[in-house]
Amino acid sequence: MGLIKKLAVLGGAAEAARRYAQKNPDKAGRFVDQAADFVDKQTKGKYKGQISGAAGKVKGAAGIDRPGPGV
């Protein structure tokens, strides 16, 4: 598969994820929080601030206005 085709598929997947997040903000927010918690545990808290910031940016880009737990 060529690079352009891969980027098109990735863009389509990102748009589908964004639409899902906007229709189901609570579920999507929980998924982002769970992923952030998992990564934080795997890195033993070493990158807690960066992970929290990234989770916030993901939520902002997806249109989710839901604060995370403690990440």
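**Entry 1: Helix 3**

I began with helix 3 and listed its buried residues as I51, A55, K59 and A62. Looking down the axis of helix 3, I found these buried residues within an arc of 75°, so they line one face of the helix. I note that the model I am reading is a predicted one.

I then asked which residues the face of helix 3 turned away from its buried side carries. There I recorded the exposed residues G49, Q50, K57, G60 and A61. I also looked up what covers the buried residues of helix 3, and the cover includes helix 1 (3–23) and helix 2.

Next I checked the length of helix 3. With 15 residues at 1.5 Å a residue, helix 3 should span 21 Å, and its end C-alpha atoms are indeed 21 Å apart, which agrees. After helix 3 comes G63, and I read its phi as positive, near 80°.

**Entry 2: The whole protein**

I stepped back to the overall picture. The protein has 3 helices and 0 strands, and its elements run α-α-α from the N terminus on. Along the principal axes, the C-alpha atoms fill a box of roughly 40 × 25 × 15 Å.

How many of the 71 residues count as buried? I recorded 18% of them. The accessible surface comes to about 5300 Å², and 61% of that surface belongs to carbon and sulfur atoms. I also looked at contacts between residues at least 6 apart in sequence: 59% of these join residues at least 24 apart.

**Entry 3: K59 and D33**

I returned to K59, one of the buried residues of helix 3. Which residue forms a salt bridge with K59? The partner is D33, and the closest N and O atoms of the pair are 2.7 Å apart. K59 lies in helix 3 and D33 in helix 2, so the pair ties together parts that are 26 residues apart in sequence. I then asked whether K59 and D33 are buried or exposed. Both residues are buried, and for D33 I noted a relative accessible area of 9%. The side chains of D33 and K59 are also listed as joined by a polar contact of 2.7 Å.

As background, I wrote down that side chains of opposite charge can pair when their charged atoms come close.

**Entry 4: The other salt bridges**

The count of salt bridges comes to 4. One of them joins the side chains of R18 and E15, at 2.6 Å from N to O. R18 and E15 are 3 residues apart in helix 1, which means that about one helical turn separates them. I recalled that an α-helix has 3.6 residues a turn, so residues three or four places apart point the same way. R18 is partly exposed at 31% relative accessible area, and E15 is partly exposed at 32%. I also found E15, R18 and R19 linked in a network of salt bridges.

D40 forms a salt bridge with K48, with closest N and O atoms 3.2 Å apart. Here D40 counts as buried at 11% relative accessibility, whereas K48 is partly exposed with a relative accessible area of 37%.

**Entry 5: K44**

My last search was for K44, and I asked where its place is. K44 is in the loop between helix 2 (25–42) and helix 3 (48–62). I read its phi as near 55°, a positive value in a residue other than glycine. For comparison, I noted that most residues other than glycine have a negative phi. K44 is exposed, with a relative accessible area of 76%.

Methods:
Residues numbered from 1 in each chain as written. Predicted model: local features only at pLDDT ≥ 70, side-chain atom pairs only at ≥ 80, totals over all residues. Heavy atoms only, no water. Helix = DSSP H or I, 4+ residues; strand = E, 2+ residues; numbered from the N terminus. Buried < 20%, exposed > 50% of the residue type's maximum accessible area, 1.4 Å probe, protein only. Expected span 1.5 Å × (residues − 1). Arc of directions from axis to C-beta. Contact = heavy atoms within 4.5 Å. Polar contact = N/O pair within 3.5 Å; in protein donor to acceptor, adjacent residues only side chain to side chain. Areas by Shrake-Rupley, 256 points an atom, 1.4 Å probe, with all protein chains shown as cover.
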